[in-house]
Amino acid sequence: MHAVVTIKQVPDTSEVRIDPKTNTMIRGGVPSIVNPDDTHAIEAAVRLKEQFGGKVTILSMGPPQAIIALKEAISLGADDAVLCSDRGFAAADTLATSYVLWAAILKLNEEEPVDLVLSGKQAIDGDTGQVPPGVATRLGWPQLTYVRKIREIDFASRRVVVERVADGGIEVLESRLPAVITVGREINEPRYASLPSMLRAARFQPRVWDKTYLDLDPQQIGLRGSPTIVSKVWAPPRRQRDPVVMVPNADRDPDAAAARLLDLLAEEGVLDWLPAAAQAAK
Amino acid sequence: MSEPAPAAPRTKGTARRAVPKPAAARNGATAPAAPAGEQTTMTERLAEEGKDFSDHKGVWVYVQQRDGEAAAVGWQLLGQATQMASALGVETGAIVVGHNVRHLAEQAITYGADVVYLVDAPVLAQYRTHSYALAVAEVIQRHKPEIVLYGSTNDGRDLAGAVATIVKTGLAADATQLGVEVETRLLQASRPDFGGKLMSTILCKQHRPQMATCRPGVFETPTPQPGRQGRIVEEPFDLREEDIPTRVREFIPEKRSVDLASAKAIVSGGRGMGGPEGFEMLEELAEALGATMGASRVAVNAGWVSYEHQVGQTGQTVRPKLYLACGISGQIQHQVGMQDADIIVAINRDPNAPIFKLATYGLVGDIFEIGPALIRRARELRARSAEREPVAARKNGS
């Protein structure tokens, strides 16, 4: 079995601070992490390897510092890792990103046929979830998104059955392999890195592929290859609200506070039944 | 402007480098076949010919459906689409894909569609990415809209990502605000980033159609007009079952028992509720007020209440008339899910909790004193009103 896991190194968005004067992200000191959903994809791939034997290759597109994310993936049980990195890839949107990853998967496929591509369902910075469908469409492979469980998988007969979180319920979907599967938190608990894996990761050097090695069309990469751009970033205007009417120590006389609140809500008319009832109580 | 005659294949004689095509791979990994007869997509041709998109007209909505029932987001987006189409002076369109779904095309017209493209075939009875993406892409390439909107549901995102790659155009994700710049005819799709701290506006300047997935529950549902006129265009679709690589073995419905998106009043609990017992009390309060119960991520993660109640960035976005936040501090990830409520009441022990900056009314104190008092008072009011008017205001909680 050869599984490719596409991952992304992202800023830890819970740590991101916004400069209130310029409304831009304060980049300094924000830790970079492997996108959380991707860690679940890595775990899923490694478990398949443990069950069926074979190899897990990590693939990512990013700046040179993303090597740290690849090494972390190695420490979580992956065997090999490739970083697609090139100045020409900068400012890529999801279409331009899926183009690069597609080309890289084809290259990996030439080295050793790929049975499965796994990915986190979306990245916490862009939040689009659009790259794996792009990769699947370009490969001509089925895409199975929002998979919460792999029920059955058979590499010999090239079949997989998954449970997919669809709208309104769970879809049990059967697909041929190879396929592209995206997963979220529900699928598994990622392991902690073992000491042998960490040592291996420390010594591991991922391969780095640039646009020349991948023989890419310059019109389809980076800014050039991106139909969408972020035209402006702005702080959402807070809805104009009057300053809050505060009731301190409301629990000293809770019944009075409750009565007053319900009177206020009756005036505001926000509960259908309330105005008539409040009126009746007078 | 009529379509230019098909050019000679573009792989020769242009400065563009050819897309790498591997020797026949054993597992069939290749580039997807372009739609029949086209070496390049329409948008690529237009982009190279000076970016004239004048033959791309119309603002469309993909009407997501399952088993003949439309997702509410489709109607919400039709409301947006009709506004934008009107500003641009073009038609509002809808795409309906499925089997035996003509009634949804008719419904789309009542919600504002001037034209509905209906792709109705047995092979489309159940949603599958491969068949639906091809169906939608073909309709788009045939009829050339300038804007297409999808709900950013799981299936909507699944579909739109594939369609955007087939058509080779731009796709903005999870827009919570939509607008159109009339002079440039550009769609402005805006969405929150970094946990909602900032908004970004995404533009798709040189590709058509401009596409966006849009968050359900954010946009108002337009009032349907039953007599409204429109056209239904039936689109051919001849994909064979054998050519679809997936099969739906079964679908296990999980009916949302908690409909937060359409709730008019929500009573919501957070960390301050302390445990599942706190939510039992809130359940009573919600019932007494005729409200639906919600929760913050903290409470859901702690296992005090199920995920269906979650409001916030990773839960649902709600726009009720009344949002009563109990023991919720008001982190930004929660605020983005409820900040558009008409009246926000916060009850919290901590007067410095961020929620008080957002609230209309703030009660500082112990929710375990105030909550039961509210329950008592609400029940009392209802009882008295029932005495006077037995038939009248007995409204059930949603």
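## Helices on the sheet

In this predicted model, helix α3 of chain B, residues 102-110, lies across four strands of chain B: β1, β4 (92-98), β5 (115-120) and β12. Helix α3 of chain B runs at about 165 degrees to β5(B).

Helix α4 of chain B spans residues 129-143 and also packs on the sheet. Its contacts are with β1, β4, β5 and β6 of chain B. The direction of helix α4 makes about 150 degrees with that of β4(B).

## The sheet in chain B

Which strands make up this open sheet, and in what order? There are seven, and they run β7-β11-β6-β1-β4-β5-β12 in chain B. The pairing is parallel. At the edges stand β7 (171-175) and β12 (231-234) of chain B. Each has a single partner strand, so one side of each has no neighbour in the sheet. On average, neighbouring strands are turned by 25 degrees against each other, direction ignored.

Now take one pair. Strand β1 (residues 59-63) and strand β6 (residues 147-151) of chain B run parallel and are joined by three bridges. V61(B) has L149(B), in β6(B), as its bridge partner.

## Nonpolar cores

Nonpolar side chains tend to be buried together in soluble globular proteins. Here the largest nonpolar core has 138 residues. Those with the most contacts inside it are V5(A), V100(A), I105(A) and V136(B). Helix α3 of chain A, residues 94-111, gives this core its largest share, eleven residues.

What does V100(A) touch, leaving out residues up to four places away in sequence? Its contacts are M61(A), C84(A), F89(A), L214(A), L216(A) and I221(A).

Another core lies apart from the largest one. This other core has 61 residues, including V267(B), A325(B), A346(B) and L363(B).

Methods
Residues numbered from 1 in each chain as written. Chains lettered and ligands numbered in written order. Predicted model: local features only at pLDDT ≥ 70, side-chain atom pairs only at ≥ 80, totals over all residues. Pairing = 2+ DSSP bridges. Helix = DSSP H or I, 4+ residues; strand = E, 2+ residues; numbered from the N terminus. Axes fitted to C-alpha atoms, helices over the stretch in contact; angles between N-to-C directions. Contact = placed C-beta atoms within 7 Å. Core = buried A, V, L, I, M, F, W, Y, C linked by C-beta atoms within 7 Å. Buried ≥ 20, exposed ≤ 12 C-beta atoms within 10 Å, placed from the backbone.
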